[in-house]
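Please examine the sequence and the three-dimensional structure shown below. The paragraphs that follow lead through its helix packing, an aromatic pair, a hairpin and a sheet.

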Amino acid sequence: MTKVFGAGEDGVRALNAVSVAIRENEFFTLLGPSGCGKTTLLRLIAGFERPTAGDILLDGQPVTDLPPFRRPVNTVFQSYALFPHMTVAENIAFGLEMRRVGKAETRAVVEEMLTLVKMSGMGGRKPAQLSGGQQQRVALARALANHPKVLLLDEPLSALDFKLRKEMQIELKRLQLQTGITFVFVTHDQEEALTMSDRIAVMSQGEILQIGSPTEIYEHPTRRFVANFIGESNFLEAEVLSVVNGAAQVRLASGATLPASAPAGIQIGGTATVAVRPERADLVRSGADSTFTGRVENIVYLGTDTTFHLMLPDGQPFVVRMQNHQGAQQPFAIGEEVGVKLSPGAPQLLAD
């Protein structure tokens, strides 16, 4: 599916031949920086925009030509868009009344939704009498009241404070599991994506770079952008010596030879980038068995762990994150020469 805004030389290609299959009853997240096309893709699914090329299928049936109100899809926006003159119950009932649902059934659904979002007894309040988190719950209840096949969520937690946002992440996942509705969630927050998602699509410049479970995306990134955007990574240039069934042997600039996981497209004899997560490396005393060496440039204490910023002999920076243990003394000092020992499976070759 492709979406171009404008025409000719002034046209902006927001989506470039994107193709994705979202499974029934899954929490699927579109993750990427601002301007990557994730909200455009969500609006195409909702029917607020039409694709320049391509089709949208729901349960195998095309919905590209259907207006938003004809699609079995509801959307929760970043702004909750509650009607200020209506009560909580009236806001939740609004979509049902538009569909001419009977009053008795509407009351029953409203009570069901209030219970679902843990707001029983609050149906008579106005939005102005609610906290931000409660308003978010009402917006969710209103969207869920029509029992859509797909619920689209466009960065709905971004306006909440940190603690409430963390609580709502758990609540959203609970709601998805309890209702069995497919959730398609848009965010630029990697922690939100890792916390809630069954699968994540990482997007950049109108394209989907990688799709996988949170574990797959974090542990086995295939592209440099993905490794850099999800969490923190060290990047080392290496020569590819061999590749067999996704397992490679590489030689680092230090001369160290080590195994690395390899995605498709890696060529033998060429150079490639190796990604290593900071927590997948340990520091050892100089002279001990290690993969390569470096000099400690800075030490940052973060409570649960300590981050060591190193400079390698070839001038490349390298970060090691080690968990703190109660009562343990700081084992290394700034300026000290140390060895770096990588955990098995830590090095990941990247396709670009």
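**Helix packing and strand pairing**

Helix α2, comprising residues 88-98, packs against helix α4, comprising residues 132-145, with the two axes 7 Å apart and at an angle of about 25°. Because angles under 35 degrees count as roughly parallel, α2 is described as roughly parallel to α4. The crossing in which α2 passes α4 is right-handed. On the side of α2, the contact is made by V88, N91, I92 and L96; α4 contributes V138, A141, R142 and A145. By character, the residues of this contact of α2 with α4 divide into six nonpolar, one polar and one charged. The model in which these features are described is a predicted one.

A second helical feature concerns aromatic side chains. The count of aromatic pairs comes to seven. Among them is the pair formed by F225 and F229, whose ring centres are 5.5 Å apart and whose planes make an angle of 10°. Planes under 30 degrees apart count as stacked, and therefore the pair of F225 and F229 falls into that class. Both residues belong to helix α8, which spans residues 224-229. Since F225 and F229 are four residues apart in α8, about one helical turn separates them.

Attention now passes to the strands. Strand β9, residues 199-204, pairs with strand β10, residues 207-212, in the antiparallel sense, and five bridges connect them. Within this pairing, I200 has G212 of β10 as its bridge partner. The two strands β9 and β10 form a hairpin, with two residues between them. In the turn of this hairpin, Q205 has a positive phi of about 50°.

Further along the chain, an open sheet is formed by five strands, and their pairing is antiparallel. Read across the sheet, the order of the strands is β15-β19-β16-β17-β18. The edges are occupied by β15, residues 281-285, and β18, residues 317-323, each of which pairs on one side only. On average, neighbouring strands of this sheet are turned by 45° against each other, direction being ignored.

Within the same sheet, β16 and β17 stand next to each other in the strand order. Strand β16 covers residues 292-301 and strand β17 covers residues 305-311; their antiparallel pairing extends over six bridges. One point of reference in this pairing is V300, whose bridge partner in β17 is T307.

Conventions:
Residues are numbered from 1 along each chain as its sequence is written. This is a predicted model: local features need pLDDT of at least 70, side-chain atom pairs count only at pLDDT 80 or more; totals for chains, interfaces and linings use all residues. Side-chain values use heavy atoms; hydrogens and water are left out. Two strands pair if DSSP finds at least two bridges between them. Axes are lines fitted to C-alpha atoms, for helices over the stretch in contact, and angles run from 0 to 180 degrees between N-to-C directions. Angles under 35 degrees count as roughly parallel, over 145 as roughly antiparallel, 65 to 115 as roughly perpendicular and the rest as oblique. A crossing is left-handed if the near helix is turned anticlockwise from the far one by less than a right angle, and right-handed if clockwise. Contact means heavy atoms within 4.5 Å. Ala, Val, Leu, Ile, Met, Phe, Trp, Tyr, Cys and Pro count as nonpolar, Asp, Glu, Lys and Arg as charged, and the others, Gly among them, as polar. Rings of Phe, Tyr and Trp (its six-membered ring) pair if their centres lie within 6.5 Å; planes under 30 degrees apart count as stacked, over 60 as edge-to-face and the rest as tilted.
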